[in-house]
Amino acid sequence: MSFSEVYFVDARARNSKESLLNKIALLFDHLDIASVVRGKRVAIKTHVGAPLCTRYLRPVYVRRIVDLVRNAGGEPFVTDTTTLDIYRRRGTAKGHLEVAVSHGFTEETLNAPFIIADGPYGNDYVTVEIDGLRLRKVHIAKELAESDVIISLAHFKGHALSGIGGACKNLGIGGCSKLSKNAAHFKSLPKVDKEKCDGCQVCVDSCPANAISIVDGKAVIDESKCFACRACIKSCPKKAIGNSRVSREEFNLRLADLVYGLLKHLGKNNLFCFNFILEVDWLCDCEHNQQGWSDIPIVPDIGVTASKDPVAVDQASIDLVNNAPGIPGSKAEEAGVLEPGKDKFQAIHGISPSLSLEALEKLGVGSRKYKLIKL
């Protein structure tokens, strides 16, 4: 497999010319994004962070990309998708937009509309048939599916299931509807345990899809209507509804399938990826048990990587973090990986951060082999 080009700017600024915002413009120019976005509808996919999270990607970086796209004649909008669980704060478009505003993601600050890509409840999507490693179809968030170009702006950090959260997770899990999020995390749609169910109808009232009815005193879920919002699981007083998680290894294969499906629909030439290796938390901006808090970074600020290849940009970001010294007092010290060269995410999470990237290589999405070009 050939080497992919990954451009890199470090976080150091000795004067205003070396501002990270100016360096982002340099990355934009080297990827020649301007020649692609003219006259196109451009989705700028990011992650606003969970409530009380303090280490999400700052809106000022997103604004710089928006302005560059506008100056090149593109029509940008900033976007994210709802979370899998509808009862979470960001599980609906309304709640997600409230969090986005509280973190500074507004049309005024971004110079572009902020749109929830999968609709009010996470059920607006375009289905793409694939021959994946595990999945045969993916449900791409509608606004992303209907875009001409996607620019991924990911805050690079750790993740409990995939080891890392970078471009591929931002596009795969972050780019699909609730149905595909469920397919990545769970073995099936929610199921009713008939022995536990007493027919109380609480789940019927909680279901926004009207997919549940009571038959012979037991709840029955119509899978053709269910879009995996998990409201029934949360509301059931008898805990009679649930589904089983897949293993972390399986999750990574399914994550790869989601990215594969998105790029099959979009086309590789219409994707650009930026990983911001700044304030690198050891868990995702939406994790920490969904309670929304942030720990101190595990390494000093490194910089920004950018590429047309989502696999290469994530692998390069992993390597840069591993080659950096850990921060004393951080999770890196707890895991015993302060020294440069240690596999920090593997040590912290107990799973290879390259697992999904290896799967994506098999699918032909990109290459883990890269040439790092420092600007």
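Analyst: A salt bridge is a side-chain nitrogen of Lys or Arg within 4 Å of a carboxyl oxygen of Asp or Glu. The structure holds 19 salt bridges by this criterion. The model is predicted, and local features need pLDDT of at least 70, side-chain atom pairs count only at pLDDT 80 or more, and totals for chains, interfaces and linings use all residues. Residues are numbered from 1 along each chain as its sequence is written, and side-chain values use heavy atoms, with hydrogens and water left out.

User: What makes the contact between Lys94 and Glu98 a salt bridge?

Analyst: The N to O distance between the side chains of Lys94 and Glu98 is 2.8 Å, and the pair is therefore a salt bridge under the definition above. Both residues lie in helix H4 (residues 93-102), 4 residues apart, about one turn of the helix. Helices (H or I, at least four residues) and strands (E, at least two) are DSSP runs, numbered from the N terminus. Glu98 also meets Arg89 in a salt bridge, at 3.7 Å from N to O.

User: Why is Lys94 called exposed, and why is Glu98 called partly exposed?

Analyst: Buried means under 20% relative accessible area, exposed over 50%, and partly exposed in between (1.4 Å probe, protein chains only). Lys94 has a relative accessible area of 59% and is therefore exposed. Glu98, at 35%, is partly exposed, and Arg89, at 45%, is likewise partly exposed.

User: How do you know that Asp285 and Lys157 form a salt bridge, and is each residue buried or exposed?

Analyst: The closest N and O atoms of Asp285 and Lys157 are 3.9 Å apart, so the pair meets the salt-bridge definition. Asp285 has 2% relative accessibility and counts as buried; Lys157, at 5%, counts as buried too. The pair links distant parts of the chain, 128 residues apart: Asp285 is in the loop between strand E14 (271-277) and strand E15 (303-307), and Lys157 is in strand E8 (residues 157-159).

User: How do you know whether Cys168 is in a disulfide?

Analyst: A disulfide is a pair of cysteine sulfur atoms within 2.5 Å. The structure holds 0 disulfides. For Cys168, the nearest cysteine sulfur, that of Cys273, is 7.1 Å away. Cys168 is buried, at 1% relative accessibility, and Cys284 is buried, at 2%.

User: What makes the span of helix H3 agree with the expected value?

Analyst: The expected span of a helix is 1.5 Å times one less than its number of residues. For the 13 residues of H3 (residues 59-71) the expected span is 18 Å, and the end C-alpha atoms are 18 Å apart, so the two values agree. Buried residues of H3 include Tyr61, Ile65 and Leu68. Just after H3, Gly73 takes a positive phi of about 90°.

User: Why is strand E7 called largely enclosed?

Analyst: In E7 (residues 149-155), 7 of the 7 residues are buried, so the strand is largely enclosed by the rest of the structure. Both faces are covered, with Val149, Ile151, Leu153 and His155 on one side and Ile150, Ser152 and Ala154 on the other.

User: How do you know which strands pair with E7?

Analyst: Two strands pair if DSSP finds at least two bridges between them. Strand E2 (residues 41-45) is joined to E7 by 4 bridges, and E7 is joined to E14 by 6 bridges; both counts therefore satisfy the definition. The strands run parallel in the pairing of E2 with E7 and in that of E7 with E14. Val42 has Val149 as its bridge partner in E7, while His155 stands opposite Phe276 in E14. Phe276 in turn has Val304 as its bridge partner in E15, and E14 and E15 pair in the antiparallel sense over 5 bridges.

User: What makes strands E4 and E16 edge strands?

Analyst: The open sheet has 8 strands in the order E4-E3-E2-E7-E14-E15-E1-E16, with mixed pairing. Strand E4 (114-116) and strand E16 (370-374) each have a single partner strand, so one side of each is left without a neighbour in the sheet.
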